[in-house]
Amino acid sequence: MTLRFSVLASGSTGNAFYIESDKEKLLVDAGLSGKQMDKLFDEVQVSPADLSGILVTHEHSDHIKGLGIIARKYNLPIYANQKTWNAMEGSIGKLSLDQKFVFNMEEVKTFGDIDVESFGVSHDAAEPMFYVFRAGGKKVALVTDLGYVSERIKKTVEGADAYIFESNHDVGMLRMGRYPWSVKRRILGDSGHVSNEDCGLALTDVIDNNTKRIYLAHLSKDNNMKDLARMSVDNILRERGINVELHDTDPLLPTGMYEVG
């Protein structure tokens with residue numbers, strides 16, 4: 001039994017995460033246009049028609065831009081909590097009732113051989129939540145779009161084999177950058193985004209001997225750099241005697257997939 005995943009897109013221009021087991025194929029968010037989503041699936045050699053469903057984290061446009069389009073085109077079920085449904089229904093177009101499912105926060109749903117656990121995060125959306133995936137004794141945690149990493153989140157995601165973890169900004173670059181102070185305050189706040197330093201500190205509390213790889217996600221184009229994010233997080237981990245592979249979320253392998261198994 002293996003879990004395979006690909007970060008199809010990550011950042012303010014669009015987010016989409018694909019994960020599969022031997023039997024199931026799931027998409028988390030569809031934050032790019034329908035054409036762009038189809039292109040990304042082509043790159044990882046997956047047909048969207050084979051998806052078991054789409055899980056939604058929250059209603060921001062960089063997470064749902066292509067959601068209604070891809071769901072209608074391939075007749076796919078969508079799973080989101082009720083507050084997120086209420087917040088996004090006006091943005092995704094009409095869907096049939098048999099495509100709409102409620103996935104509550106702090107709940108575990110089973111999709112074939114994958115158990116998916118949802119957990120709440122602090123972000124400026126209606127009821128944002130992210131997911132942990134388990135199959136065959138393996139665990140993958142998707143943790144982005146949060147202002148801070150609570151103890152409850154740490155408990156939920158600890159001991160994963162692989163993390164896709166937000167490392168959004170360098171605090172110095174953000175403070176000195178061109179954004180209006182109101183935007184800077186939002187990003188730095190408890191409902192904003194996690195900095196490189198906070199990402200590293202949180203990871204020291206959750207990774208263990210099972211952890212093989214960490215993918216630094218949702219990097220800001222204006223307030224971060226890939227090398228800076230990796231260096232910042234790596235320095236914090238190494239100071240605490242932790243040595244684990246750090247990667248950005250560019251295509252993972254020639255097939256665009258990473259295997260946990």
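Which residue just after α3 takes a positive phi? I looked there before anything else, and found that N75 does, with a phi of about 55°. I keep in mind throughout that this is a predicted model.

**Entry: the sheet around α3**

I next traced the sheet that α3 lies on, and read its order as β6-β5-β4-β3-β2-β1-β14, an open arrangement of 7 strands with mixed pairing. At its edges I found β6 (100-102) and β14 (258-260), each of which pairs on one side only. From one strand to the next I noted a twist that averages 25°.

Inside this sheet I checked the pair β2 (residues 16-20) and β3 (residues 25-28), which run antiparallel and are joined by 4 bridges. In that pair I found F17 standing opposite V28 of β3.

I then turned to the helices that cover the strands. Helix α3 (residues 67-74) lies across β3, β4 (53-55) and β5 (78-80), and I noted that it runs at about 165° to β4. Helix α4 (residues 82-92) lies across β5 and β6, running at about 115° to β5.

Which residues of α3 are buried? I listed L67, G68, I70 and A71. When I looked for what these buried residues pack against, I found the strands β3, β4 and β5 together with the helices α1 (34-43), α2 (61-64) and α4.

**Entry: the other sheet**

I followed a further open sheet of 7 strands, in the order β7-β8-β9-β10-β11-β12-β13, and its pairing is again mixed. Strands β7 (108-111) and β13 (245-248) stand at the edges with a single partner strand each, so one side of each is left without a neighbour in the sheet. Ignoring direction, I noted that neighbouring strands here are turned by 20° against each other on average.

I looked closely at β11 (residues 162-166) and β12 (residues 213-217), which run parallel and are joined by 5 bridges. Across this pairing, Y163 stands opposite I214 in β12.

On these strands I found helix α8 (residues 196-206), which lies across β11 and β12 and runs at about 150° to β11. Helix α9 (residues 226-239) also packs on the sheet, where it touches β12 and β13, and its direction makes about 160° with that of β13.

**Entry: α8 and its contact with α9**

I asked which residues of α8 are buried, and the list is N196, C199, G200, A202, L203, T204 and V206. Their cover includes α5 (151-157), β11, β12 and α9.

How do the axes of α8 and α9 cross, and within what distance do they come? I found that they come within 8 Å and cross at roughly 35°, and that the crossing is right-handed. On the α8 side I listed N196, E197, C199, G200, L201, L203 and T204 as making the contact, and on the α9 side L228, A229, S232, V233, I236 and L237. Sorting this contact by class, I have 8 nonpolar, 4 polar and 1 charged residues.

I recall for context that an α-helix has 3.6 residues a turn, so residues three or four places apart point the same way.

**Entry: the nonpolar cores**

Which residues have the most contacts inside the largest nonpolar core? I found F5, F17, F133, Y163 and L203, in a core of 53 residues. Strand β9 (residues 129-135) gives the largest share of this core, 6 residues. I also noted a second, separate core of 27 residues, which includes A9, A30, F41 and I64.

I had met several of these names earlier: F17 opposite V28, Y163 opposite I214, and L203 among the α8 residues in contact with α9.

**Entry: back to positive phi**

I returned to the backbone, bearing in mind that most residues other than glycine have a negative phi. D29 has a positive phi near 70°, and I placed D29 in the loop between β3 and α1. E106 likewise has a positive phi, of about 60°, although it is not a glycine, and I placed E106 in the loop between β6 and β7.

Is each of these buried or partly exposed? D29 counts as buried, because its relative accessibility is 3% and the limit for buried is under 20%. E106, by contrast, has a relative accessible area of 36% and is partly exposed.

Terms used
Residues numbered from 1 in each chain as written. Predicted model: local features only at pLDDT ≥ 70, side-chain atom pairs only at ≥ 80, totals over all residues. Heavy atoms only, no water. Pairing = 2+ DSSP bridges. Helix = DSSP H or I, 4+ residues; strand = E, 2+ residues; numbered from the N terminus. Axes fitted to C-alpha atoms, helices over the stretch in contact; angles between N-to-C directions. Contact = heavy atoms within 4.5 Å. Buried < 20%, exposed > 50% of the residue type's maximum accessible area, 1.4 Å probe, protein only. Core = buried A, V, L, I, M, F, W, Y, C linked by side-chain atoms within 4.5 Å. Left-handed = near helix turned anticlockwise from the far one by under 90°. Nonpolar A, V, L, I, M, F, W, Y, C, P; charged D, E, K, R; others polar.
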